[in-house]
Amino acid sequence: MPAPDSTSGPAIANVSRRGFLAGTAVFVLASGLPPSALAQEKEKAFGADAMPNGWRDDPTLFVAIAADGTVTVTCHRQEMGQGVRTSIAMLVADEMEADWAKIRVVQAHGDEERFGNQDTDGSRSLRHFHMPMRRVGATARTMLEQAAAAQWGVPAAEVRAENHRILHQASGRSLGYGDLAKAAAALPVPDRAAVRLKDPKAFRYIGKEDVGLVDNADITTGKAVYGIDVRLDGMLYAVVARPPVFGGKVRRHDAAAALKVPGVVKVVTIDPPEGPAEFEPLGGIAVVARNSWAAIKGREALQVEWDDGPNAGYSSAAYRDALTEAARKPAKVVREQGDLAGAMGKAAKRVEAEYYIPHLAQAPMEPPAAVARVQGGKAEIWACVQAPQVTRLRLAKRLGLQPEAVRVNVTLLGGGFGRKSKPDFVLEAGLLSRAMDGAPVKLFWTREDDLRHGYYHAVSVERLEAGLDRDGRPIAWLHRSASPTIGSIFAPDPKHLLPFELGMGLTNAPLAIPNFRVENPEAPAHVRIGWYRSVANIQHAFAIQSFIAELAHAAGRDPKDYLLEVIGPPRVVEPTELGDVWNHGEDPKRYPIDTGRLRKVVETAAQGIGWGRQLPKGSGLGIAAHYSFVTYVAVAAEVAVDARGRVTIPRVDIAVDCGPRINPERVRSQMEGSVVMGVGQALTAEISFDKGRTVQENFDGYVLARMDTAPREIRVHQIAWDDPAMPLGGVGEPGLPPVVPAITNAIFAATGKRIRRLPVGDQLRA
Amino acid sequence: MGHVIGTAALVLLLTGLTGGAAASPCGEAIGRLQAQIDEGAEAAISSSSGGQGVAGAREGQALEAERRDAPVREPAAPYQKEGKEAQAVQQAADAASGGGDGVMRAKAALNRARALDQKGDAACRDAVAEAEALLRGRP
């Protein structure tokens, strides 16, 4: 496969901007950086406005038109299967009134000052950028209209764009976009106020289901280039022997045997970080070779004696006990309403439960990989990274280069799930290329590397206590969430969860319970804790939605009816009233919590699966709902448990309300993917530690959903909204949190066995 | 869309309280602090932005700075060029009371004060003082 070359233009769609500009385009809107766009926001800002450097309301950076009419859209968000390259292009093309057949997409390199924020996390690519991208398209259309009007000597108001042409109806004249590109490029970019957005009724692509992925053909024919696919002339290959225990380091090593392996070129020491882990390499001994097999065999031949460091005794079993003990004691209060003690004292019945959620690994199908070429005071990177500008700045700092001397070319990502937001592997590649005097080096992680040395989803013990009145309604609720924080990779030894982690379904849980307290016990981290698709919502949703079902059982009530009662009447609540201080970065007034919408998805999922229908013995229905990433999702699951305790899932209905939908086909696929991922979490996935080392090292131990456990049928119900002015919700992550409790609630309905420890594993075996 | 009902109103609705039965030893202080907390909550949301990466980095460093009662360190994760990112983290530490941690806990303390105040319990003053201290970044 040819290497993508940033100067000559690659053979794949991920062309560099520089390469593209040097190529065939004759209409490239100027690329100046208006000072106002770079000005620091002085007032409070939310969403994309609050991101570093704000967003760039500048069409010149995102659209180019070639003489043949081909429209090239530069996508500044990273593609990892969620279809963002297609969705971004749909927004631009629709407003441009472009012919979809003439649209191509290139991937932006990492440059935040040029493209605006590029961190593809938080389920916000479209939430934050759909309006800027619409304006990009509308501005380009306006300039084409102005150019045509000038050429014909008619008022601009008399011309209009239609399907890649500008028409003058009065004279019957028309010109194609390619014909107008050069003249339009010479015009000044109009002010935002002068740009007319399309009437949503005229949308051709936005909100439609028939737009295929722009990368489909390349992916299905093997032409797509992922990080692991990049090849450069003279490229070397490298793997790293990293400390098996987080915080460990090399005590001594002997590379003699490794250097005797045919193809091994050099053995290089990488120093561990001195402070918090953040995105630094873990350190260790790298083996650089002429091919990947030699690198792997060379690593096997290394003789390394490790100092395991302060986490040598980390054991999941003992840590679970420690978290449980912490969760049984009063702790830091992070949310309080009413009089918890008084209400508990008056309760007719009290219920308590503890839930355990293990570490998880993102385990993207493509493990981390990067190619680096560091020479002549410059660095060029090709990598599957979710955050290219962070990668650029972090690498520049580690190599002692100016950020402008570092270019990060982003490939397709074979899955990300948060792992590829952390560019430690790119830094490894950069350090090795420098150590090899500038030779390009492909640094790759094996599956074992990925599972042994990850940024793990936090292990958690969730303890809940409730007091019920005589009618079985909850009048008091105490939730203690004990879990190590993601903050531990950024600051030395923090003990408590950060506000944004608590704001993932805990401090913003919209439950109609008058006396409510949330506490957060101390929980030190012993491994790198990182974000994983939907993050802390996973444990919070599992615990809360399981506990509500337990309360329903204690009250002798139908779980779905009880869930609706606990959600309470339809109402709109600002999350800050509840105690949340994150709200996914969104304005709490523009993005309040609407419990009517939460109720609606519950009712929709229940209706979809036929809630209340009779099922054979050993089968059951479960339901759960969760609000996250400003989107409402409910899941209803049907499970069957056989006499040996084996779980199958005949059907899942998932209902989602994410506000207006840009790309409904992608909404559906993200929900389907969430269900499949959630099945793995529920039934089999667990990362555990013994003596500081991971017990699971490959997919035989870390078992994700497979063909035999995946639901036979997934039905996605999308709540449709006609109001395009409504704010968008996220899509990539919010489908996941309610999947696990829906399944475990269904298992309870089928067997009477309550699952309080994930994964289910062999807990149902007789 | 549902009706707009605030949490406090919902609590009253659910508990059947009608209010006004007891004197309000902390009413004025609670009202004053509530406005500060609302402002701080919005500042916290704004300063930690939308993604988990930026939020984790800024809140983590801001909280550490508050814990040590010291200026923020050099930013660990460069979500923008260092000078700007240092400013952003400092803003998260200052305006949002430790990346929002102080505001969040102050809100909890103030709600406790409110519950005590509704019962006419003078212990609400201690809870108000706690909320004030948390907002000042001195728990």
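## A strand at the sheet edge

Let's start with a single residue pair: A:R335 stands opposite A:V518 in strand β21(A). This is a predicted model, and that pair belongs to a larger pattern of strand pairing. β13(A) and β21(A), the latter spanning residues 515-520, run antiparallel and are joined by five bridges.

What order do the strands of this open sheet follow? In chain A the order is β13-β21-β20-β19-β14, five strands with mixed pairing. β13 and β14 (349-357) of chain A are the edge strands, each pairing on one side only. On average, neighbouring strands of the sheet are turned by 10° against each other, direction ignored. Helix α10 of chain A, residues 316-327, packs on this sheet and touches β14, β19 (460-468) and β20 (474-482) of chain A. The direction of α10 makes about 30° with that of β19(A).

## Where chain A meets chain B

The edge strand β13(A) comes up again at the contact between the chains. Here 64 residues of chain A are in contact with 51 residues of chain B. Several elements of chain A each supply at least two residues to this side: β13 (332-337), α12 (388-399), α15 (499-502), β22 (571-573), α18 (575-578) and α19 (595-609). Which of them gives the largest share? That is β13(A), with five residues. Sorted by class, the side of chain A that touches chain B has 32 nonpolar, 17 polar and 15 charged residues.

## Chain B in outline

Chain B has six helices and one strand. Read from the N terminus, its elements run β-α-α-α-α-α-α, which puts the strand ahead of the helices. Of the 139 residues in chain B, 55% are buried. Among contacts in chain B with a separation of 6 or more, 66% are between residues 24 or more positions apart.

## Domains of chain A

How is chain A divided by the domain assignment? The assignment gives domain 1 (17-220), domain 2 (227-310 + 368-444) and domain 3 (316-361 + 455-751). The centres of domain 1 and domain 3 of chain A, taken over C-alpha atoms, are separated by 38 Å.

These two domains also touch: 21 residues of domain 1 of chain A are in contact with 21 residues of domain 3 of chain A. On the domain 1 side, α3 and α5 of chain A each supply at least two residues, and α3(A) provides the largest share, with four. The residues of that side divide into eight nonpolar, nine polar and four charged.

## The α3-α5 helix pair

Both of those helices of chain A also pack against each other. As a reminder, two packed helices are described by the angle between their axes and the distance between the axes. For α3 (residues 84-96) and α5 (residues 125-152) of chain A, the axes come within 7 Å and cross at roughly 35°. The crossing of α3(A) past α5(A) is right-handed.

If you would like to trace the contact in the viewer, the α3(A) residues include A:V84, A:I88, A:L91 and A:V92. On the α5(A) side, the residues include A:L126, A:M133, A:V136 and A:R141. By class, the contact has 11 nonpolar, four polar and four charged residues.

## Backbone points to check

Most residues other than glycine have a negative phi, and most peptide bonds are trans. A few places in chain A are worth a look with that in mind. A:E97 has a positive phi of about 60° although it is not a glycine, and A:E97 lies in the loop between α3 and β4 (103-107) of chain A. Is A:E97 buried or exposed? A:E97 counts as buried because 23 C-beta neighbours lie inside 10 Å, where the cut-off is 20 or more.

A:H164, also not a glycine, has a positive phi near 75°. A:H164 sits in the loop between β5 (159-162) and β6 (165-168) of chain A. With 21 C-beta neighbours inside 10 Å, A:H164 therefore counts as buried. Finally, the peptide bond from A:L758 to A:P759 is cis, with omega near -5°, and A:P759 lies in the segment after α21 (739-751) of chain A.

Note on methods
Residues are numbered from 1 along each chain as its sequence is written. Chains are lettered from A and ligands numbered from 1 in the order in which they are written. This is a predicted model: local features need pLDDT of at least 70, side-chain atom pairs count only at pLDDT 80 or more; totals for chains, interfaces and linings use all residues. A residue is buried if 20 or more other C-beta atoms lie within 10 Å of its own, exposed if 12 or fewer, and partly exposed in between; C-beta atoms are placed from the backbone. Two residues are in contact if their C-beta atoms, placed from the backbone, lie within 7 Å. Axes are lines fitted to C-alpha atoms, for helices over the stretch in contact, and angles run from 0 to 180 degrees between N-to-C directions. A crossing is left-handed if the near helix is turned anticlockwise from the far one by less than a right angle, and right-handed if clockwise. Ala, Val, Leu, Ile, Met, Phe, Trp, Tyr, Cys and Pro count as nonpolar, Asp, Glu, Lys and Arg as charged, and the others, Gly among them, as polar. Domain bounds come from an automatic or database domain assignment. Two strands pair if DSSP finds at least two bridges between them.
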